[in-house]
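Hi everyone, thanks for coming along. I'd like to walk you through one model today, starting inside it and working outwards. Here it is on the screen.

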Amino acid sequence: MDYYLTLLSFGATGWGDEIAHGVLFTVSLAICTLPVGLFMGFFLALGINSKEPSIQRAAKLFTIIFRGLPELLTLFIVYYGGQILLNLLFQHVLGMEIEVNSFLAGMIALAFVFSSYASEVFLSAFKGIPQGQYEGAFALGLPWFKTMRLVIVPQLIKLALPGLSNLWLILLKDTSLVSIIGLTDTMFATGLAARNTKEAFFFFALACVVYLALTFVSSMALEAIEKRARRGEVR
Amino acid sequence: MTIQTSYVAKTLLESRPRPESMREKLLSGRKITGYVLLAIWAVFFLSIAVFLYVSYDPDYMSRYRPKYLYGFLTTIELVAMSVALGGILSLPIAFGRMSKIKLFNRMAFGYIYFFRGTPLLAQLFLLYYGFGQFRHFWQDINMWWLFRDSWSIALLSFTLNTAAYQAEILRGAIMNVPKGQIEGAQSLGLPKFVTFFKIILPQALIVALRPYGNEFILMIKGSAVVSIISVYDLMGETRRAFSQTYDFQAYIYAAIFYLICVEILRRLWDLIEQRLTRHLRRDNG
């Protein structure tokens, strides 16, 4: 028992600090990805709902591609492909060398995947908003942006929340993939500890416990948010 | 009077052009945005095509094409087997989750919570490296063959993982069958076994069809992580090809393979759904 506690201690002998950093990294990556993914997902849904067929087609293509590719492959394509593209742009055109920030690459890849699924959630939420809401806003003379901000989005959020909470949990788990391109998240830290101490079972079980705790905490928070979103409803 | 009617007829009945604001402009902001977006996609696909054309190398092709096909088959085999085995395993878990006996209920809940709450990658590592640590124990009970081989570990962890998701799908679908169906069966004196297999399950499976299809697709995508524990599936072969040649086209071919695979599966599932729900539609007689 003491042996395992020293393994977990902070400092030179233990792996506690490395793993704590990893957990912090996992959480911050997920939190950084969320707003980008939500924003993109919302506009993808608007695009798919658009009357203009060219916008529709462009938005649909995006969701088909990023819902069809494995998350891991998306990550590699963004990471290595981005590197090649940047090299092409900067080295040959401007003569500079620029390295792809792997945090940014991970964030972009996760946001692409998240937004293609989020667009689906928003799309079905849009369907739940009666046409009369748009007509009412139009009759009041509200411009498009205000219609969205004041009339549609507040109702949309309530309808989309259950689906989005699901996506958040998926996002939290998908962040584990960035350990493969060398980002020091929970999986990376526990893997490092496992290799160095030969206590693979202990550390990978710990990783599972960490993810379970993260899902548990976030599902509690999401439940509270959903409850708050429903506070205007008649019970 | 006549003047008035002619005035009314003239102003109200005569067709007038639509007001300015309703008329579609030849080039609205929306249209421009749409065309610009489509143009970006076109440039994107065109540059990929050009890249593939420029870096086309018959040696590369003849060397890696059989490997890709082999990897593709490995992926399909892994996913098909684990989804089928997971389907069998999901039955007792779903029943446990619906059971009134608290112990079964808790156990099934814990199982589902664990496998849905942790990343597939963590589960894979736990089984492969974590359980592999107890080598002597597995050798003593003659189970080392299972934990030694990365392919069988991949199959095992995928089966366990998809069983948790499938149990939830099945449970949701069974709960969705109206209570009257069960009561009807009971009042006809049907035994529980017959009630379940002939009345509840067929109706539940129709509801579950779409989620099962999604789970299949998610498994195909999720299976890419087995390449990390050196199973040479489609992703594994891709990574190997990339590490040997540093040629980015490896990833592009993999993407094309995966997209085609998922799209075929999606279309196939639509057909299956059309066929199985034909008695629920009114249109085609």
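Let's begin with the empty space: the largest cavity holds about 40 Å³. By cavity I mean, on a 1 Å grid over the protein atoms alone, a set of points where a 1.4 Å probe fits but cannot get out. The points are joined across faces, edges and corners, and the volume is the space filled by probe spheres set on them. Searching the whole structure for cavities of 30 Å³ or more turns up one.

Before I go on, the ground rules. This is a predicted model, where local features need pLDDT of at least 70 and side-chain atom pairs count only at pLDDT 80 or more, while totals for chains, interfaces and linings use all residues. Residues are numbered from 1 along each chain as its sequence is written, chains are lettered from A and ligands numbered from 1 in the order in which they are written, and side-chain values use heavy atoms, with hydrogens and water left out.

Back to the cavity. Which residues line it? They are Glu71(A), Leu75(A), Ala109(A), Leu110(A), Val113(A), Asp174(A), Leu177(A) and Val178(A), where lining means having an atom within 4 Å of a point. Two elements of chain A give two or more residues each to that lining, helix 4 (71-94) and helix 5 (102-127). Helix 5 of chain A gives the most, with three residues. Helices here are DSSP runs of H or I, at least four residues, and strands are runs of E, at least two, numbered from the N terminus.

By chemistry, the lining divides into six nonpolar residues, no polar ones and two charged. For that split, Ala, Val, Leu, Ile, Met, Phe, Trp, Tyr, Cys and Pro are nonpolar, Asp, Glu, Lys and Arg are charged, and the others, Gly among them, are polar.

Now follow Glu71(A), which sits in helix 4 of chain A. Is Glu71(A) buried or exposed? Its relative accessibility is 14%, so it counts as buried; the scale is under 20% relative accessible area for buried, over 50% for exposed and partly exposed in between, with a 1.4 Å probe and protein chains only. Beyond its neighbours within four places in sequence, Glu71(A) is in contact (heavy atoms within 4.5 Å) with Val113(A), Asp174(A), Leu177(A) and Lys221(B).

That last partner takes us over to chain B. Lys221(B) and Glu71(A) form a salt bridge, with the closest N and O atoms 3.7 Å apart. The rule asks for a side-chain nitrogen of Lys or Arg within 4 Å of a carboxyl oxygen of Asp or Glu, and across this interface it finds one.

How many residues does each chain bring to the contact? Chain B brings 42 and chain A brings 44. Together they bury about 3700 Å², 78% of it on carbon and sulfur atoms; buried area is the accessible area (1.4 Å probe) that two parts lose on being put together, summed over both. Lys221(B) turns up again here: with Trp41(B) and Phe248(B), it supplies 17% of the area that chain B buries against chain A, more than any other three residues.

So much for the interface; on to chain B itself. Its secondary structure comes to 12 helices and zero strands. Of its 285 residues, 40% count as buried. In helix 5 of chain B, residues 120-130, 10 of the 11 residues are buried. Those buried residues pack against helix 8 (186-197) and helix 9 (200-229) of chain A, as well as helix 4 (102-117), helix 7 (144-148), helix 8 (150-176) and helix 10 (192-222) of chain B.

One last stop: salt bridges, of which the structure holds nine over all chains. Arg97(B), Glu168(B) and Arg171(B) are linked in a network. Arg97(B) pairs with Glu168(B) at 4.0 Å between the closest N and O atoms. Arg97(B) lies in helix 3 (residues 58-98) and Glu168(B) in helix 8 of chain B, so this pair ties together parts 71 residues apart in sequence. Both of these residues, Arg97(B) and Glu168(B), are buried. Arg171(B) meets Glu168(B) at 3.2 Å, N to O; being three residues apart in helix 8 of chain B, they are separated by about one helical turn.

That's my tour, and I'm happy to take questions.

Methods. 1 Å grid on protein atoms, 1.4 Å probe; cavity = no way out; pocket = protein on both sides within 12 Å on 5 of 7 lines; lining within 4 Å.
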